[in-house]
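Reader: I am new to this structure and should like to go through it by question and answer. Please show it before we begin.

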Amino acid sequence: MTLPTKVARTIHTPEAQPATHTAPWSAPAVAGQTDKAVVELRNAELTFGDRVLWRDLDLTIREGEYFAVLGSNGTGKTSFLKVLLGLLPLTRGTVSVTGERPGVASRHVGYVPQQRGFSPRTPLRARDLVAQGIDGHQWGIRLRRRAVNERVDELLEKVGASDYANAPVGLLSGGEQQRLRIAQALATDPQVLLCDEALLSLDLNHQYIVSELVNQQRVDSGSAVVFVTHDINPIIDHVDRILYLAGGSFKIGTPDEVMRSEVLSELYGAKIEVLRSNGRIIVTGRPDNTHHISSQEGLIP
Ligand SMILES: Nc1ncnc2c1ncn2[C@@H]1O[C@H](COP(=O)(O)OP(=O)(O)OP(=O)(O)O)[C@@H](O)[C@H]1O
């Protein structure tokens, strides 16, 4: 998690305008997207002491947009989600989610946390976990019991988990548990779906299934997806834009704009090579020694 402290070196992109530019940049039209902004950061900065995670970050994420946050360990990906969840304040600038202060509009926000296995003795059935997204839960709303049960059944079916609805969560596989977390996050049909390494430790088949489920929510409901990941490959077909964080600097753009040798070399201040093979992206030569080899294929995000 330790990278040397660097002075923020912002590479200005259309989104990364100086604060004096007040007119927001309009993203190109992407199928399924509208112009409605659901996440807005202006002149945003997050620092811990003299450690700069990012500075001068101007960003608008729109309804229906699939937005990936990439970067090595400790570059601030999870902190970015925490800012959107209202769990971490910016040190400078402003942020809004669905037009409100982060945390206020929680029922419009779904959150899929990093995959952590449940203990086999967890006294919770699959359907109880999903129900937490609906009632008595900070991201949920209160509905009467029958309505809750019906909604849980609907969500279980949506993520293909009906068969193990009554199984104890601790006895389910990692992939099965992750489907349930997605069902829980979708419970309020959120306008913004935040996913933190939602594919980590899943096999390729489950990576595919989970990534399709997340994308389906965007297609069906126009939810914006903010997907934190070390590896863009499992979601590459869906991603509209990337925020790439590296040692206090960042770059925003489409995968074709950002995942290029010259762009990442400038961002890291070192020679980086970005290769494409069978529609997948391989990055070599990152200087921070925090490469994450994609589980089955030896690819570096
Ligand atoms: N509340 C905090 N106080 C001080 N430092 C913090 C705090 N939260 C995060 N950090 C530091 O900020 C940096 C970014 O952390 P963050 O978890 O956002 O990184 P990340 O990109 O998600 O990393 P990883 O890929 O390892 O999960 C780390 O060096 C971390 O130690």
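Author: In this predicted model, Gly175, Gln178, Arg179 and Ile182 of helix 4 meet His206, Val210, Leu213 and Val214 of helix 5.

Reader: How many nonpolar, polar and charged residues has the contact of helix 4 with helix 5?

Author: The contact joins residues of helix 4, among them Ile182, to residues of helix 5, among them Leu213. Sorted by class, the contact holds one charged, three polar and four nonpolar residues.

Reader: Is helix 4 roughly parallel or roughly antiparallel to helix 5?

Author: Two packed helices are described by the distance and the angle between their axes. Here the axes of helix 4 (residues 174-185) and helix 5 (residues 204-221) come within 10 Å and cross at roughly 5 degrees. Angles under 35 degrees count as roughly parallel. Helix 4 is therefore, with respect to helix 5, roughly parallel.

Reader: Which helix gives the most to the shell around the ligand?

Author: The ligand is surrounded by 11 residues, and the closest include Lys77, Thr78 and Ser79. By class, seven residues of this shell are polar, three nonpolar and one charged. With three residues, the greatest contribution comes from helix 1 (residues 77-85).

Reader: Why does Asp189 count as partly exposed?

Author: Asp189 lies in the loop between helix 4 and strand 6 (192-196), and has a positive phi of about 50 degrees although it is not a glycine. A residue is buried with 20 or more other C-beta atoms within 10 Å and exposed with 12 or fewer. Asp189 counts as partly exposed because its C-beta neighbours inside 10 Å number 16.

Technical notes. Residues numbered from 1 in each chain as written. Predicted model: local features only at pLDDT ≥ 70, side-chain atom pairs only at ≥ 80, totals over all residues. Near = placed C-beta within 6 Å. Helix = DSSP H or I, 4+ residues; strand = E, 2+ residues; numbered from the N terminus. Nonpolar A, V, L, I, M, F, W, Y, C, P; charged D, E, K, R; others polar. Axes fitted to C-alpha atoms, helices over the stretch in contact; angles between N-to-C directions. Parallel < 35°, antiparallel > 145°, perpendicular 65-115°, else oblique. Contact = placed C-beta atoms within 7 Å.
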